[in-house]
Amino acid sequence: MAQLYYKYGTMNSGKTIEILKVAHNYEEQGKSVVIMTSAIDTRDGVGYVSSRIGMRRQAMAIEEDTDILGYIKNLPEKPFCILIDEAQFLKRHHVYDLARVVDELDVPVMAFGLKNDFRNELFEGSKHLLLLADKLDEIKTICQFCSKKATMVLRTDHGHPIYDGEQIQIGGNETYIPVCRKHYFNPPIH
Ligand SMILES: [Zn+2]
């Protein structure tokens with residue numbers, strides 16, 4: 001039975017490599033997959049997924065008005081799996097479409113994304129994936145200041161913690177640090 005699977009974390013590390021690996025495993029068996037990513041993330045050009053070690057491949061860019069269900073339905077061949085990168089940037093209607101891809105088309109969906117932003121609010125895509133997913137998994141990261149699990153993301157700018165501002169800032173000079181709750185509120189930096 002097809003499932004809607006969501007694997008989330010506090011940082012980007014390793015997600016894309018996992019997506020590319022899963023895609024490779026399917027394709028090695030002659031099974032086609034569809035890779036999608038948010039059109040919001042343009043760091044590597046619109047419609048690409050890339051890892052830090054330089055692996056890169058084309059993906060379908062999800063725009064705000066993209067009809068994901070219609071797109072998958074109209075493919076000449078039903079894919080064996082849908083893989084989604086940067087799932088935190090999806091809109092509510094995208095996530096509901098993905099649930100229908102699973103339930104009505106019987107195609108499994110694996111989405112990867114970040115759970116909370118630096119203000120410690122859920123990203124829209126994450127919120128609805130957490131609500132609708134059949135299976136959840138956490139990408140574990142350790143707090144940069146202690147050995148506890150990182151559950152939050154601290155944004156710093158020139159060494160100062162920042163808790164307010166626009167949710168999505170791509171290409172700026174700020175740094176995002178995985179932290180535990182205690183060190184989110186009281187980071188040992190000044
Ligand atoms: Zn800590």
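**Exercise 1. Find the residue in β11 that is the bridge partner of Val-153, then work out how the sheet around this pair is ordered.**

Step 1. Start with the pair: Val-153 has Pro-178 as its bridge partner in β11. Strands here are DSSP runs of E with at least two residues, and helices are runs of H or I with at least four, all numbered from the N terminus.

Step 2. Zoom out to the strands. β9 (residues 152–157) and β11 run antiparallel and are joined by five bridges. For two strands to count as paired, DSSP has to find at least two bridges between them.

Step 3. Now place them in the sheet. It's an open sheet of three strands, in the order β10-β9-β11, with antiparallel pairing. β10 (160–162) and β11 (175–179) each have a single partner strand, so they stand at the edges with one side lacking a neighbour in the sheet.

A quick note before you go on: this is a predicted model, where local features need pLDDT of at least 70 and side-chain atom pairs count only at pLDDT 80 or more, while totals for chains, interfaces and linings use all residues. Residues are numbered from 1 along each chain as its sequence is written, and side-chain values use heavy atoms, leaving out hydrogens and water.

**Exercise 2. Work out which parts of the chain the salt bridge between Asp-85 and Lys-15 ties together, and whether Asp-85 and Lys-15 are buried or exposed.**

Step 1. Check the distance. The closest N and O atoms of Asp-85 and Lys-15 are 2.9 Å apart. A salt bridge needs a side-chain nitrogen of Lys or Arg within 4 Å of a carboxyl oxygen of Asp or Glu.

Step 2. Locate both ends. Asp-85 sits in strand β6 (residues 81–85) and Lys-15 in helix α1 (residues 15–28), so the pair ties together parts 70 residues apart in sequence.

Step 3. Look at accessibility. Asp-85 has 2% relative accessibility, so it counts as buried; Lys-15, at 1%, is buried too. (Buried means under 20% relative accessible area, exposed over 50%, partly exposed in between, with a 1.4 Å probe and protein chains only.)

**Exercise 3. Describe the salt bridge between Lys-149 and Glu-138 in the same way.**

Step 1. The side chains meet at 3.0 Å, N to O.

Step 2. Lys-149 is in the loop between β8 (135–138) and β9, and Glu-138 is in strand β8, eleven residues apart.

Step 3. Lys-149 is partly exposed, at 34% relative accessible area. Glu-138 is partly exposed as well, at 23%.
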